[in-house]
Amino acid sequence: MKIVSAHVGTIPISSSMRNAYIDFSKMDSTIIALVSDVIVDGKPLVGYGFNSNGRYNASAILEDRILPRLLNAPAEDILDDKGELSPEKAWDLMMANEKPGGHGERSVAVGVADMALHDLAAKAAGVPLYRWISEHYGDGAPDDDVFVYAAGGYYAPGKSLTDLQDEMRGFLDAGYEVVKMKIGGTDLKDDLERIEAVIDVLDGDGSRLAVDVNGKFDLQTALEYGRAIDPYGLFWYEEIGDPLDYALNATVSENYRHPIATGENLFSVQDARNLLRYGGMRPDRDYIQVDPALSYGLVEYRRFLDVLKRHGWSTRRCIPHGGHQFSLHIAAALKLGGNESYPGEFQPTGGFTDDAVVSGSRVAPGELPGIGLEGKSEFYSVLRGLHS
């Protein structure tokens, strides 16, 4: 196999909503198509990739540095000993001549390309990505479906408590049993009213509600909120302070007995290792949310899972951020604890295939070859337009 061309674009995934830290009025995403010389049914196989919400496009890095290295390399340099496409060998090429550290948006750019390479590799094998990953990187016996929770509860102009409750009822009607809402964008009193309004929709069961601060709190505020929400027994308390403030996270974990979740804004195996070493994370209850699409892709994510294992953690404590089809396949293949879901938000990149059915807060990755983005009709029309 040879990659004959690469096509990069930027698309909006904007919204009027906001969390405690940012609004999404200018949010966008990089999309990519890697066209191969393999012809199936008269058409070339194409691998697609994109970056998750929360980070802006990294198109310039891809076009200026990452893709030229991939395209200019001899074809055999990205193939394994069986002559099949090797995302791992391609990853090494893409990262050639890059200094360590300073991950930032570079990790997003490589993650987009890594996604497309894995999509292409699975398509070449004629199998859905989760089966390809399980055969190549896992135990060959992937999960049939994956736990998913519905993320929402954003702040928006004019959004009332009744609106918030109706939103959560919609998630329940769609098959989700666990939901997530934003906090930290108003004062504690108002947030507690919002939390209690959602718990009412959940029949009084706080363990079905996760709350997300998006890194906003200083230590004093984090502890104050922790004391206030402790009686609810929430599903988790997420991204409490700055993602690199491991001391803050460790102090909160010492004072908050219920689960904590974090890691969506850590973009390398080194950063995630430091979270395990210094962040006070507890393997019996806490969750790691590293998003493969934002953190150098599946090649790097597998390195992180190796570190996790050495620290005594189960992969079931990993529930990636992002709410997209790529992480869904990874979760099924490598037996993670679940995957985020954004019903209706961050379109067209977010969410699962058009025919995906959530039941009992679980969903299957589907049987389309590769990631299956062809099964997201609105998104596929955009992706196809990159190279047709």
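1. Let me start with Ile319, which is buried at a relative accessible area of 1%. In this predicted model, Ile319 belongs to the loop between α10 and α11. Setting aside neighbours within four places in sequence, Ile319 is in contact with Phe147, Tyr149, Trp236, Tyr287 and Ile288. Its list of contacts also includes Gln289, Gly337, Gly338, Asn339 and Glu340. From Ile319 to Pro87 the separation is 232 residues in sequence and 23 Å in space, C-alpha to C-alpha.

2. Several of those contacts turn up again among the aromatic residues. Phe147, Tyr149, Phe235, Trp236 and Tyr287 make up one aromatic cluster, and Ile319 is in contact with Phe147, Tyr149, Trp236 and Tyr287. Ile288, another contact of Ile319, is one of the residues that touch the most other members of the largest nonpolar core.

3. On that core: it holds 113 residues, and Ile195, Leu209, Tyr237, Ile288 and Phe304 touch the most other members. Helix α3 gives the most to this core, with 11 residues. There is also a second, separate core of 17 residues, with Met27, Ala151, Tyr154 and Ala261 among its members.

4. Aromatic pairs deserve a look too; the count comes to 16. Which arrangement do the rings of Tyr237 and Tyr256 adopt? Their centres are 5.2 Å apart and their planes stand at 65°, so this pair is edge-to-face, the angle being over 60 degrees. Tyr237 sits in strand β7 (residues 236-238), while Tyr256 is in the loop between α8 (246-255) and β8 (260-262), so the pair ties together parts that are 19 residues apart in sequence. Both partners are buried: Tyr237 has a relative accessible area of 0%, and Tyr256 has 2% relative accessibility.

5. Tyr342 and Phe346 give another edge-to-face pair, with 4.9 Å from centre to centre and 90° between the planes. Here, too, the partners are buried, Tyr342 at 3% relative accessibility and Phe346 at 5%.

6. If you are interested in charges over rings, there are two to inspect here. The charged end of Arg302 sits over the ring of Tyr137, 3.6 Å from its centre. Arg384 lies over the face of Tyr380, at 4.8 Å from the ring centre.

7. Tyr137 leads on to helix α4, where the buried residues are Leu129, Tyr130, Trp132, Ile133, Ser134 and Tyr137. These buried residues pack against α2, α3, α10 and α11 (325-334).

8. Now for helix α2 (residues 87-94), whose buried residues are Pro87, Ala90, Trp91, Leu93 and Met94. Why can we speak of one face of the helix here? Viewed down the axis of α2, the buried residues fall within an arc of 160°, so they line one face. It helps to recall that an α-helix has 3.6 residues a turn, so residues three or four places apart point the same way. The cover over the buried residues of α2 includes α1 (59-72), α3 (104-125), α4 (129-137) and α10 (297-310).

9. Ser86 is found in the loop between α1 and α2. With 9% relative accessibility, Ser86 counts as buried. Beyond its neighbours within four places in sequence, Ser86 is in contact with Ile78, Leu79 and Asp80.

10. Is Ala228 buried, exposed or partly exposed? Ala228 is partly exposed, with a relative accessible area of 21%, since buried means under 20%. This residue lies in helix α7 (residues 219-229). Apart from neighbours within four places in sequence, Ala228 is in contact with Leu188 and Leu192. Ala228 and Ser253 are 25 residues apart in sequence and 15 Å apart in space, C-alpha to C-alpha.

11. Finally, the overall picture. The secondary structure comes to 12 helices and 11 strands. The radius of gyration is 20 Å, close to the 21 Å that the globule rule gives for 388 residues, so the protein is as compact as a globular protein of that length. Along its principal axes, the C-alpha trace spans about 60 × 40 × 40 Å. Buried residues make up 57% of the 388 residues. Of the contacts between residues at least 6 apart in sequence, 72% join residues at least 24 apart.

Note on methods
Residues numbered from 1 in each chain as written. Predicted model: local features only at pLDDT ≥ 70, side-chain atom pairs only at ≥ 80, totals over all residues. Heavy atoms only, no water. Buried < 20%, exposed > 50% of the residue type's maximum accessible area, 1.4 Å probe, protein only. Helix = DSSP H or I, 4+ residues; strand = E, 2+ residues; numbered from the N terminus. Arc of directions from axis to C-beta. Contact = heavy atoms within 4.5 Å. Core = buried A, V, L, I, M, F, W, Y, C linked by side-chain atoms within 4.5 Å. Phe/Tyr/Trp six-rings, centres within 6.5 Å; stacked < 30°, edge-to-face > 60°. Lys NZ or Arg CZ within 6 Å of the ring centre and 35° of its normal. Rg over C-alpha atoms; globule rule 2.2 N^0.38 Å.
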